[in-house]
Structure formats: structure tokens, C-alpha cells
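Please look over the sequence and structure shown below, and then read the notes on the pocket, the nonpolar core and one strand residue.

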Amino acid sequence: MELEVEKMMSIENRKFETKCGRVIWESRSVAVCAHVYAEVDGVTYVAVLRRGEKMDNGGLWCMPCGYLDWDESAEQGARREVMEELGIELGGLELIRIDDSPEAFKQNITFAYRAWVDELLELHCDGAAVGEVQDLKWMKVSEVEEHEWAFEHGVMIQRDLMGEFEGRI
């Protein structure tokens, strides 16, 4: 594993030009993640999905997340991922953190957003690619520690709700 990370870190950025003359650099990827919460009768829930078995971290739980598409902002990407993976349209969305650590294995730069909704909206993953999502649910945050998480999302939920991300952006 250490050799793989060392090899990945030695990759230099490469420049490409498209047929229409647009310059594209191959470098670190940009990802988005959305913390979607609801509070009902004094209980806080987070909208989560179980990743498809053939996906990276297959079978593990995570919040809606993915890579930024061409020609979209980070906020637009977070909204798109929530719509694809949860089937809900969000109102207010707040940027809560940017993770850019080069020590992360994939070296993604991740923009994380938070949204609160007024009720436990019906979840569906009609917009997700086939095999991307195997389960969806509103999970009580008190149950987060009982599950296995992809991308350290369980820790991120706990840190967020403890107020660790307040005032950092």
C-alpha cells in the first residue's frame, strides 16, 4: 500500500487540449459530499445510502457523494448527487468544510455541504447508476457508530454534529 501511495504521489500533472481548443489538466480530483439532516420529534436523522457491492467501498454506508462533473460548481455537484442518490431536491445548502489533504489515499479535494430538511422525505435512487446504491434510509445519528462507513463518513457526521466545522470556512 505504501508503495502504491508513493507511486501515485510521484505522478505529474499532464496537460491535454481538446478538439475545440479547451485546455484540460490531469490532476487531483474534486469531489462533493452532502450531510442531509432532519429533526423529527427531537430525534436527529441523517440521510444515508449503502454503496453497491461492486463500487469502491461496496456494502458500506455513506452520505451522498461523488465527483464533480464538467461545467458545474461544487454546490451544483452536491445538489446533483443528492438528487441522483437520494431523490430529493434541497433548499438551503451550506458549505461546511473543504478537505484537501494530500495524505488522503485518493487525494480528492472534497467540498462538503450541510442541509436540514423539515421532515423525513421519501428517499429513492432513480437517478443513480445501476448498482451504485443498494439501500437508502434515514438513520438516527445515535446509531451512526453501529455501522461500517465508507470514506470516514461516520466520523464526519459525528464531527459535524459536535460543531467541529462551525466557522471554519
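How much space lies in the largest pocket? About 890 Å³ lies there, where a pocket is an open set of points on a 1 Å grid over the protein atoms alone, reached by a 1.4 Å probe, with protein on both sides within 12 Å along at least five of seven lines, and the volume is the space filled by probe spheres set on the points. This is a predicted model, in which local features need pLDDT of at least 70 and side-chain atom pairs count only at pLDDT 80 or more, while totals for chains, interfaces and linings use all residues. Residues are numbered from 1 along each chain as its sequence is written, and side-chain values use heavy atoms, without hydrogens and water.

**Pocket lining**
- Lining residues have an atom within 4 Å of a point, and of the 32 in the largest pocket, Lys 106, Asn 108, Thr 110, Phe 151 and His 153 are the closest to its centre.
- The lining divides into 12 nonpolar, 7 polar (Gly among them) and 13 charged (Asp, Glu, Lys and Arg) residues.

**Nonpolar core**
- The largest nonpolar core, a set of buried (under 20% relative accessible area) nonpolar residues joined through side-chain atoms within 4.5 Å, has 40 residues.
- Strand β3, a DSSP run of E with at least two residues, gives the most to this core, with 6 residues.
- Val 36 and Trp 138 are among the residues with the most contacts inside the core, and these two are also in contact (heavy atoms within 4.5 Å) with each other.

**Glu 39**
- Glu 39 is found in strand β3 and counts as partly exposed, between 20% and 50%, because its relative accessibility is 47%.
- Leaving out residues up to four places away in sequence, Glu 39 touches Thr 44, Trp 116, Val 117 and Asp 118.

Methods:
Helix = DSSP H or I, 4+ residues; strand = E, 2+ residues; numbered from the N terminus. Buried < 20%, exposed > 50% of the residue type's maximum accessible area, 1.4 Å probe, protein only.
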